[in-house]
Amino acid sequence: MNKKMMLLSISCACLIFILLTIPAMSTPAELKNADLTDDEISFKDTYYNRQILNGINVPDKTLESFARFSVWLEEQGVDAEAEEINLIYIDDDLKAVTEYAWVFAAKPDTKQFVAEKIAAEQAESESLFSTESDFNNLNTSFAFFEQKYPVKYVHTGLVTFITVENKKQFVADFSEEDEQMLKKISDIIDKSNENIIAPKWSSSNPDMHGDMARWAAEKNGLNESQIDLIADNAAAPDNWGFPWYQEIWEKNYKHFCGPIALNIGGTIITLAHVGGAPGSCEEYVNIAKNLSNDSKYINLGYSTHFMCDISNPLHTGYVIVQAPGYLNGFELIDYITEVEFSDYHAEYETYVGSNWTSGRNFSEYAEDVNNGMTISDPEESVKNLSDYSYAYSDTVVNKISSNQYDNSLFYATAFCIDEGQRYLIGLIEYGCE
Ligand SMILES: [Zn+2]
């Protein structure tokens with residue numbers, strides 16, 4: 001064989017070798033760690049820094065999330081100004097003082113909404129006001145409250161950060177009467193919004209959990225029956241039966257992970273990751289890791305559920321204020337509240353579900369993700385995702401409570417789905433390695 005022939009046969013062999021190895025190379029998807037890129041760091045330094053925030057209590061990870069969101073929009077080719085994207089974030093110190101900070105800390109353009117709702121409620125036949133003086137009292141005390149604690153807005157980057165001018169006084173003086181007044185307004189807004197009976201993020205139509213888990217499994221190059229097992233079991237944890245006294249723990253607490261800020265005698269303390277989702281995600285992925293039969297993929301499906309839930313900002317924020325609604329749903333304490341704040345949860349999930357494969361087409365933001373997040377500690381990764389998704393919980397509540405299904409709500413949601421999908425790809429990779 002001459003030299004040329006030899007080279008040719010070697011290169012042919014190489015080509016055959018490369019061709020043979022291509023299917024194997026399609027797995028796993030490319031993974032990256034959760035660190036910020038240079039672009040993201042520069043956004044954070046420019047727009048979301050402590051100097052601009054000037055004492056507003058915002059977790060560092062929230063600022064990271066906003067920076068990443070800004071860069072993500074650019075990558076998507078979205079002109080944030082033209083699309084009028086403006087998120088809101090309420091000072092965590094305010095949220096520690098009252099679960100109803102969102103009621104008075106609306107953006108200027110949604111403030112009018114609260115006044116209109118109160119007025120409309122008065123005219124209703126089944127009004128929450130029993131007398132005319134009830135109505136007048138609420139109006140008077142709310143006006144007094146707003147005067148006492150003037151709301152301050154800090155616009156920077158794509159976010160309006162919201163606090164009050166005299167925060168120290170607010171933290172020290174906020175009273176039980178103030179809380180009851182804000183709760184009443186919250187009930188009024190919620191009541192006027194009760195229009196949709198909703199499936200969950202999870203539910204069967206559309207099966208968002210199943211779809212996201214399926215695409216994540218596909219990107220990991222699993223075979224068809226493995227993918228089906230994962231996807232078919234991704235929604236399951238929402239449908240597991242439990243005795244009534246375990247329902248709240250098993251069906252709500254374990255599907256949640258987020259910060260809770262508390263006002264302890266004027267000192268604000270934040271518990272960073274309250275909720276059982278990180279533990280549940282880890283529990284099932286570790287079961288899966290040690291199996292090789294069908295059960296492996298069934299447990300992987302369960303595990304994806306708890307990661308996927310955390311990409312929903314209402315699974316990472318507003319936990320306390322949502323709790324009475326859940327309890328109310330079980331008719332255990334329906335004397336506590338006439339109306340359920342958790343309607344917003346259902347309304348939000350309905351919005352995403354009904355725009356899954358049509359309208360806003362949220363599913364595309366999951367299906368198009370090819371690269372995953374490196375996962376070496378699933379519990380830690382759920383917490384990371386939670387930090388990122390929590391950043392949007394104020395925007396979601398503000399928008400859903402005031403019926404504004406706008407671009408800000410849309411892109412914030414799409415970003416969370418995209419981010420969640422990266423973690424799902426990484427989680428399946430972790431479970432299969
Ligand atoms: Zn769930």
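Which residue of β6 does Ile264 stand opposite? Keep that question in mind while you orient yourself in this model, which is predicted, and return to it at the second stop.

**Start with the whole chain.** Colour the protein by secondary structure, and you will find 21 helices and seven strands. Of its 433 residues, 45% count as buried, and among contacts between residues at least 6 apart in sequence, 76% join residues at least 24 apart.

**Next, select residues 258–264 and 267–274.** These are strands β5 and β6, which run antiparallel and are joined by six bridges. Here the opening question is settled, for Ile264 stands opposite Thr267 in β6. Two residues lie between the strands of this hairpin, and within the hairpin Gly265 takes a positive phi near 55 degrees.

**Move on to the open sheet.** Select β2, β3 and β4, and you will see three strands in the order β2-β4-β3, with mixed pairing. Because β2 (87–90) and β3 (151–156) stand at the edges with a single partner strand each, one side of each is left without a neighbour in the sheet. Neighbouring strands of this sheet are turned by 25 degrees against each other on average, direction ignored. Zoom in on β2 and β4 (residues 159–164), which pair in the parallel sense over four bridges; a useful pair to label is Leu87 and Val159, since Leu87 stands opposite Val159 in β4.

**From the sheet, go to helix α4, residues 60–75.** The buried residues of α4 pack against β2 and β4, and also against α2 (38–47), α19 (378–390) and α21 (407–432). Buried positions in α4 include Thr62, Leu63, Phe66, Ala67, Phe69 and Ser70, and Glu64 and Arg68 are also among them. If you set a distance between the end C-alpha atoms, it should read 23 Å, which agrees with the 22 Å that 16 residues should span at 1.5 Å a residue. Just beyond, α4 is followed by Gly77, whose phi is positive, near 75 degrees.

**Finish with α11 and α12.** Two packed helices are described by the angle between their axes and the distance between the axes. Select residues 208–219 and 224–233: helices α11 and α12 pack at an angle of about 155 degrees, with their axes 7 Å apart. With angles over 145 degrees counting as roughly antiparallel, that makes α11 roughly antiparallel to α12. α11 passes α12 in a right-handed crossing. To display the contact, show Gly210, Ala213, Arg214, Ala217 and Glu218 of α11 together with Gln226, Ile227, Ile230, Ala231 and Asp232 of α12.

Terms used: Residues are numbered from 1 along each chain as its sequence is written. This is a predicted model: local features need pLDDT of at least 70, side-chain atom pairs count only at pLDDT 80 or more; totals for chains, interfaces and linings use all residues. Two strands pair if DSSP finds at least two bridges between them. Axes are lines fitted to C-alpha atoms, for helices over the stretch in contact, and angles run from 0 to 180 degrees between N-to-C directions. A residue is buried if 20 or more other C-beta atoms lie within 10 Å of its own, exposed if 12 or fewer, and partly exposed in between; C-beta atoms are placed from the backbone. Two residues are in contact if their C-beta atoms, placed from the backbone, lie within 7 Å. The expected span of a helix is 1.5 Å times one less than its number of residues. Angles under 35 degrees count as roughly parallel, over 145 as roughly antiparallel, 65 to 115 as roughly perpendicular and the rest as oblique. A crossing is left-handed if the near helix is turned anticlockwise from the far one by less than a right angle, and right-handed if clockwise.
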